[in-house]
Amino acid sequence: MRAEGPGDAIVVDGGVGELVVMWAGFPLLGAGLGAALTVVAGWLADLPWVPFQHWFVLLAGLPEQQAFAGGMAVPALAGLLVAYVGTRERLTVTVDRIGVRLHRDGHGRDLARASVATVFVDGKALVLLDPDGAELAREKSDLGAERLRAAFTGQGWPWTEADPHRDAYRRWVDGLPGLPAGGDALLRARQRAVDANRRDDAGDLRRELARLGVVVRDEDGRQYWRLARLPLHREETGDGR
């Protein structure tokens, strides 16, 4: 976490160290693993159940120098690919007194302080809610909750230590009543996307549900939902029940 200047925005990101680990550590780890596997390539080539057996057969048939070069280069390139994906997936949070910018994968999203009523961390996700309890943003990352809390509270944002609406969530079961029209079909489609690890589709369907006033959270592959624009406490309804 760093401030861009006295009284300026606070930036929370993974820092230079995270980039060094990804761009140097992952390729080196891949190269080291490739070298170790090259040493035993001949043995692995004789085991029919080993994945990528054709690759080990190829390595075992090459001269030693070429085998090590190829055996190390491919995993190292895989490490670079992982580093590239990880870099694009990094979340950078820039918060000041009047707004916050959430930046990931070359795209930034700005939210005004006036539109946000609650900020908290749910698992590994940074969540911002509007005054009606609807989600304005839910961004997963490896940024520590303490760093995020310090950044937001340092700029006067309304931080809470837990989801104030957590008790309102219900586990989604196909066909149970309570959802607005179309909500059940969207949750059914989203469950398929979650099961298949199609994160983009799951995100798109989350936004479609938000338009219906349905807030969704995931836990161990299961979906839980609640309706936005409901009072947080029953006594707020005025009927005392």
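This is a predicted model: local features need pLDDT of at least 70, side-chain atom pairs count only at pLDDT 80 or more; totals for chains, interfaces and linings use all residues.
**View 1. A nonpolar surface patch centred on residues of helix α4 and Trp 23****.** A nonpolar surface patch of about 570 Å² is formed by Trp 23, Leu 77, Leu 80, Leu 81, Tyr 84 and Val 85, and helix α4 (residues 64–89) contributes the most to this patch, with five residues.

Conventions
Residues are numbered from 1 along each chain as its sequence is written. Side-chain values use heavy atoms; hydrogens and water are left out. Patches are made of residues with over 30% relative accessible area and no salt bridge: like charges are joined within 9 Å, nonpolar side chains (Val, Leu, Ile, Met, Phe, Trp, Tyr) within 5 Å. Accessible areas come from the Shrake-Rupley method with a 1.4 Å probe; for residues, only the protein chains shown count as cover. A salt bridge is a side-chain nitrogen of Lys or Arg within 4 Å of a carboxyl oxygen of Asp or Glu. Helices (H or I, at least four residues) and strands (E, at least two) are DSSP runs, numbered from the N terminus.
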